[in-house]
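The exercises below are meant to be worked through with the sequence and the 3D view side by side. Try each task before reading the solution that follows.

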Amino acid sequence: MGDKENCEQPARHKTHMCKLKKDGRMEEFERHGAKPIVYCNKCKVQADDPLVVCNPRSLKVTR
């Protein structure tokens, strides 16, 4: 089963963090994780934009 098959937005998959990491594009990967607001329910990576993960879910904020 390919990466895109579990992705909610397969047309955008080439810019998703799991693909960036797989392709060795670590500078872009790290930039999207600097101030996370969501995480990917598939690979559990945290991101600053729901458009850069396959299956975005909000991070729970604790105060």
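**Exercise 1. Decide whether His32 is buried or exposed, and find what surrounds this residue.**

Solution. In this predicted model, the first step is to place His32 in the chain, where the residue belongs to helix 2, which covers residues 26–32. The second step is to take the relative accessibility of His32, which is 19%, and to compare it with the cut-off for a buried residue, which is under 20%; His32 therefore counts as buried. The third step is to list the contacts, leaving out residues up to four places away in sequence: His32 touches Met17, Leu20, Gln46, Ala47, Asp48 and Val52. One of these, Val52, can be followed further, since apart from its own neighbours within four places in sequence it is in contact with Thr15, His16, Met17, His32 and Ala47.

**Exercise 2. Work out which residues make up the largest nonpolar core, and which elements give two or more residues to this core.**

Solution. A general tendency is a useful start: in soluble globular proteins, nonpolar side chains tend to be buried together. Here the largest nonpolar core has eleven residues, namely Cys7, Met17, Leu20, Phe29, Val38, Cys40, Val45, Ala47, Val52, Val53 and Cys54. Sorting them by element shows that helix 1 (17–22) and strand 1 are the elements that give two or more residues to this core. As a background figure for the chain, buried residues make up 25% of its 63 residues.

**Exercise 3. Describe how the strands are arranged, and explain why one side of strand 2 and of strand 3 is left without a neighbour in the sheet.**

Solution. Begin with the secondary structure, which comes to two helices and three strands, and which reads along the sequence as α-α-β-β-β. Next, look at the order of the strands in space: the three strands form an open sheet in the order 2-1-3, with antiparallel pairing. Strand 2 and strand 3 stand at the edges, and because each has a single partner strand, one side of each is left without a neighbour in the sheet. The pairing of strand 1 with strand 3 can then be examined in detail, since these two run in the antiparallel sense over three bridges, and Cys40 stands opposite Pro56 in strand 3. Finally, turn to the loop between strand 1 (38–40) and strand 2 (46–47), where Lys44 lies; the phi angle of Lys44 is near 70 degrees, a positive value in a residue other than glycine.

**Exercise 4. Find how many disulfides the model contains, and explain why Cys18 is not bonded to Cys54.**

Solution. The test needs a cut-off, which is that two cysteine sulfur atoms must lie within 2.5 Å of each other. By this rule the count is zero disulfides. Cys7 is in no disulfide, and the nearest cysteine sulfur, that of Cys54, is 3.7 Å away. For Cys18, the closest cysteine sulfur is again in Cys54, at 3.6 Å, which is too far for a bond. The two cysteines can also be set side by side by accessibility: Cys7 is buried, with a relative accessible area of 8%, whereas Cys18, at 22%, counts as partly exposed.

**Exercise 5. Find how many salt bridges the whole structure holds, and identify the partners and their surroundings.**

Solution. The principle is that side chains of opposite charge can pair when their charged atoms come close. A search of the whole structure finds three salt bridges. In one of them Glu8 pairs with Arg57, with the closest N and O atoms 3.6 Å apart. This pair links distant parts of the chain, as Glu8 is in the segment before helix 1 and Arg57 is in strand 3 (residues 56–58), 49 residues apart. Glu8 is partly exposed at 47% relative accessibility, and Arg57 is partly exposed at 34%. In another salt bridge Asp23 meets Lys19, the closest N and O atoms being 3.3 Å apart; Asp23 is partly exposed at 38%, and Lys19 is partly exposed at 25%. The side chains of Glu28 and Arg25 also form a salt bridge, at 2.9 Å from N to O, with Glu28 partly exposed at 27% and Arg25 partly exposed at 31%.

Conventions. Residues are numbered from 1 along each chain as its sequence is written. This is a predicted model: local features need pLDDT of at least 70, side-chain atom pairs count only at pLDDT 80 or more; totals for chains, interfaces and linings use all residues. Side-chain values use heavy atoms; hydrogens and water are left out. Helices (H or I, at least four residues) and strands (E, at least two) are DSSP runs, numbered from the N terminus. Buried means under 20% relative accessible area, exposed over 50%, partly exposed in between (1.4 Å probe, protein chains only). Contact means heavy atoms within 4.5 Å. A nonpolar core is a set of buried Ala, Val, Leu, Ile, Met, Phe, Trp, Tyr and Cys residues joined through side-chain atoms within 4.5 Å. A salt bridge is a side-chain nitrogen of Lys or Arg within 4 Å of a carboxyl oxygen of Asp or Glu. Two strands pair if DSSP finds at least two bridges between them.
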